[in-house]
Amino acid sequence: MRNVSVTDMIHVLDSKTTPQDVLRAIALSGVQENAFYVLDVGDIVQKHQEWKIKMPRVEPFYAVKCNDSKLVLAVLAALGTGFDCASKAEISKVTELGVDTSRIIFANPAKMASHIRYAAANGVTTMTFDNECEIYKVKTLHPNARMVLRIRCDAAVAQCQLGMKFGCDAVTEAPRLLKLAAKLGVNVIGISFHVGSGCQDPPVFRRAISAARNLFDLGSQLGFNMHLLDIGGGYPGNRGSSIDKIADVVNAALDEFFPLTMGVSVIAEPGRFYVASAYTLATLVHSKRDTMYYINDGVYGSFNCILYDHAVVNPIPLVNKPGKLQESSVWGPTCDGLDQVVTSVMLPSLDVGDWLVFEDMGAYTLPVASTFNGFPVPKVHAVISEDLWNSLKNLLPLTEDHFTLQNNNWESIWDMPSPPLSSSPPSPSSYMYELIA
């Protein structure tokens with residue numbers, strides 16, 4: 001009997017089947033009405049390999065808030081990443097997988113008292129701060145904590161700016177906070193920063209690393225054993241994006257300001273880099289009005305990323321449609337006028353029963369999705385190649401129970417009839433008959 005739920009299982013694909021084949025098979029089965037995801041686990045593995053090659057001195061501590069899927073966390077734990085947690089619930093999710101607390105940083109500069117107590121009780125000692133209040137809280141609630149001071153250094157261009165909420169001024173505030181921590185006997189071990197999520201300003205990392213070095217020197221003068229640098233998040237993860245320019249800046253700045261002889265450990269908090277391109281969302285056109293298309297997921301579901309993450313999404317017809325492209329709009333399923341997925345996009349004429357596919361949907365989507373108006377959150381169907389399965393199946397916390405070989409029999413794992421891998425979609429008329437029947 002398996003110890004892993006169906007939702008946390010990974011389907012092993014034979015050498016002739018791709019994740020795109022799986023998506024098409026499910027969508028074109030003629031019985032699938034709900035939106036769904038296909039998660040390519042191999043994409044996450046490839047991203048990890050890329051990170052280790054391009055920034056070998058920087059240990060990745062995955063930002064759990066980006067996508068807190070238990071399966072994703074298990075895969076990353078098996079690969080050996082650390083974890084950036086922002087709450088006791090996130091700490092619990094990670095530690096339940098057997099992750100050692102030395103691989104967790106509680107990277108929320110403004111923590112609730114009960115969460116600090118939870119961290120203390122469960123052996124999580126590394127955490128961030130950027131204000132006086134946090135120093136006093138930690139002194140009282142978690143005196144054994146190892147604190148990392150977060151400074152502000154904003155990218156000129158980023159998908160989501162964070163400096164207006166977190167991070168103290170490196171010149172005016174940080175020295176004062178370090179001196180207060182020293183006076184109270186709070187243990188400070190390093191400096192952190194976050195330039196902004198989805199950074200498009202690579203040189204900002206050099207400015208931040210330089211500022212961190214100045215504070216390392218001050219901290220050492222105050223008697224702290226400064227040995228941890230956390231360079232935060234901001235690394236793009238969409239298809240076609242690259243961390244090459246950021247890696248070049250980071251590697252050069254580390255060599256200049258934190259040479260290996262200093263013995264400083266360097267970590268980062270990548271989120272979207274690891275998961276954005278691994279998830280592809282398939283949505284059904286269930287209604288239309290001229291060139292207004294209504295799909296079965298919207299801004300209260302997966303597309304909350306449009307509101308909260310400033311995402312720009314691009315609908316791709318699953319099946320090529322003939323005819324002239326027309327200016328169109330795409331809307332979610334709820335009764336709220338705010339539920340608009342795409343304002344203006346050029347699409348061929350679509351029919352009810354056609355599918356629109358959205359790539360790069362793994363970051364800041366599912367963790368925030370709701371069932372507003374009673375519409376379900378899309379299911380995730382995880383797949384992996386046979387070669388990668390052989391590499392991962394014995395890396396804890398993954399076990400054989402996480403994987404299933406069904407010879408492409410989708411019914412046994414996804415509760416639907418086994419469809420042929422056909423490129424021919426069901427006709428709109430047959431789909432409408434099924435709806436009416």
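Is V368 buried, exposed or partly exposed? In this predicted model, V368 comes out as partly exposed, because its relative accessible area is 40%, and partly exposed covers whatever falls between under 20% (buried) and over 50% (exposed). The residue sits in the loop between β18 and β19. It also has company there: L307, Y308, L338 and V368 make up a nonpolar patch on the surface, and together they offer about 390 Å² of accessible area.

The loop between β18 (355-358) and β19 (379-385) also holds F372, which teams up with Y300 from the loop between β14 (292-295) and α11 (304-308), 72 residues away. The ring centres of Y300 and F372 are 4.3 Å apart, and the planes meet at 40°, so this pair goes down as tilted. Neither ring is hidden away: Y300 is partly exposed at 24% relative accessible area, and F372 is partly exposed too, at 35%.

Aromatic pairs turn up elsewhere as well, with 11 found in a search of the whole structure. Take F216 and F258, which meet edge-to-face with 4.9 Å from centre to centre and 80° between the planes. F216 belongs to helix α8 (residues 204-221), while F258 is in the loop between α9 (244-257) and β12 (265-268), so the contact ties together parts that are 42 residues apart in sequence. Here the rings are tucked in: F216 is buried at a relative accessible area of 2%, and F258 is buried at 0%.

Aromatic residues also gather in a bigger group, since W51, Y62, F193, F205, Y235, F273 and Y274 form one aromatic cluster. One of these, F273, has K47 lying over its face, 5.2 Å from the ring centre. A similar arrangement appears at W389, where K393 lies over the ring face at 4.3 Å from the centre.

Two members of that cluster, Y62 and Y274, also touch T81, whose contacts beyond its neighbours within four places in sequence are H48, P60, Y62, L76, R103 and Y274. T81 is found in the loop between α3 (70-79) and β4 (82-85). Being in a loop doesn't put T81 on the outside: its relative accessible area is 0%, so it counts as buried.

Next come the charged residues, which form 17 salt bridges in the structure. In one of them, E59 pairs with K52, with the closest N and O atoms 3.1 Å apart. E59 is partly exposed, at 34% relative accessibility, and K52 is partly exposed as well, at 32%.

The salt bridge between K65 and D84 has an N to O distance of 3.6 Å. K65 comes from the loop between β3 (58-63) and α3, and D84 from strand β4, so the bridge ties together parts that are 19 residues apart in sequence. The two partners sit in unlike surroundings: K65 is partly exposed at 37%, whereas D84 is buried at 2%.

A third example brings two helices together. E132 and R176 meet in a salt bridge with 2.7 Å from N to O. E132 lies in helix α6 (residues 132-141) and R176 in helix α7 (residues 174-184), so this bridge ties together parts that are 44 residues apart in sequence. E132 is partly exposed at 36%, and R176 is partly exposed at 41%. Finally, some salt bridges share partners, and in this way E50, K54 and D244 are joined into one network.

Methods: Residues are numbered from 1 along each chain as its sequence is written. This is a predicted model: local features need pLDDT of at least 70, side-chain atom pairs count only at pLDDT 80 or more; totals for chains, interfaces and linings use all residues. Side-chain values use heavy atoms; hydrogens and water are left out. Rings of Phe, Tyr and Trp (its six-membered ring) pair if their centres lie within 6.5 Å; planes under 30 degrees apart count as stacked, over 60 as edge-to-face and the rest as tilted. Helices (H or I, at least four residues) and strands (E, at least two) are DSSP runs, numbered from the N terminus. Buried means under 20% relative accessible area, exposed over 50%, partly exposed in between (1.4 Å probe, protein chains only). A charge sits over a ring if NZ of Lys or CZ of Arg is within 6 Å of the ring centre and within 35 degrees of the ring normal. Patches are made of residues with over 30% relative accessible area and no salt bridge: like charges are joined within 9 Å, nonpolar side chains (Val, Leu, Ile, Met, Phe, Trp, Tyr) within 5 Å. Accessible areas come from the Shrake-Rupley method with a 1.4 Å probe; for residues, only the protein chains shown count as cover. A salt bridge is a side-chain nitrogen of Lys or Arg within 4 Å of a carboxyl oxygen of Asp or Glu. Contact means heavy atoms within 4.5 Å.
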